[in-house]
Amino acid sequence: MPPRATVEGNKTMSLGSKQLPAEATGAGPGFLATAILASAYLGFTALMAFAPGVLTAPIHAGGTLTMAFALGLGVILLGFALTVAYAVIGNRREMQADADSAILAAEGAAE
């Protein structure tokens, strides 16, 4: 069973033996990514509801692919890109927290 996360005040987050600053939990980027993707999806569905002619138009004259396909694929790819960005940000913050913990431990051992 993985360790459970606990929050001590607004200062740190404990995940097992790791102590991460509250800023390193990734809540900010997660909410931002969710807002961006939700806005894109809601915009796409609003086009379906209120301007279906835009979505049924071909991408180029004489083509068979419609704007609905292109925009739908764009929403999916945006979700993938935001997920990758969130994972990279989270991993960098975790690596920085690990490095900070190692420095503090080394300073404590040197005393």
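User: Exposed means over 50% relative accessible area, and buried means under 20%. With that in hand for this predicted model, does Ile76 count as buried or exposed?

Analyst: Ile76 sits in helix 3, which covers residues 67-110. Its relative accessibility is 59%. The cut-off for the top class is over 50%, so Ile76 counts as exposed.

User: Which residues make the nonpolar surface patch of about 580 Å²?

Analyst: Ile76, with its 59% relative accessibility, is one of the members. Patch residues need over 30% relative accessible area, so Ile76 clears that bar. The full set is Ile59, Leu65, Phe69, Leu73, Ile76 and Leu77.

User: OK, zooming out: what pattern does the protein chain follow along the sequence?

Analyst: There are 3 helices and 3 strands to place. Reading along the sequence, the order comes out as β-β-β-α-α-α.

User: What share of the protein chain's exposed area do carbon and sulfur atoms supply?

Analyst: First, the burial side: 14% of the 111 residues count as buried. The chain exposes about 8100 Å². The carbon and sulfur share of that area is 70%.

User: How much of the contact count, at a separation of 6 or more, comes from residues 24 or more positions apart?

Analyst: Two pairs show what a long sequence separation looks like here. Thr83 and Thr34 are 49 residues apart along the chain, with C-alpha atoms separated by 9.6 Å; Ile89 and Gly30 are 59 residues apart in sequence and 9.9 Å apart, C-alpha to C-alpha. Those are C-alpha distances, whereas a contact needs heavy atoms within 4.5 Å. By that contact count, the share is 40%.

User: Back to helix 3: which residue's backbone oxygen does the side chain of Thr83 reach?

Analyst: Thr83 lies in helix 3 and counts as exposed because its relative accessibility is 52%. Its side chain gets to 2.8 Å from a backbone oxygen, and the limit for a polar contact is 3.5 Å. The oxygen belongs to Gly79.

User: And Ile89: exposed or partly exposed?

Analyst: Ile89 is also found in helix 3. Its relative accessible area is 35%. Since the middle class runs between the 20% and 50% cut-offs, Ile89 is partly exposed.

User: Where is the pLDDT below 50?

Analyst: The mean pLDDT of the chain is 80, and 73% of its residues reach 70 or more. One stretch is below 50, and beyond near neighbours in sequence it has 18 contacts in the model. That stretch is residues 1-11.

Methods: Residues numbered from 1 in each chain as written. Heavy atoms only, no water. Patch = residues over 30% accessible without salt bridge, like charges linked within 9 Å, V, L, I, M, F, W, Y side chains within 5 Å. Areas by Shrake-Rupley, 256 points an atom, 1.4 Å probe, with all protein chains shown as cover. Salt bridge = Lys/Arg side-chain N within 4 Å of Asp/Glu carboxyl O. Helix = DSSP H or I, 4+ residues; strand = E, 2+ residues; numbered from the N terminus. Buried < 20%, exposed > 50% of the residue type's maximum accessible area, 1.4 Å probe, protein only. pLDDT = per-residue confidence, 0-100. Polar contact = N/O pair within 3.5 Å; in protein donor to acceptor, adjacent residues only side chain to side chain.
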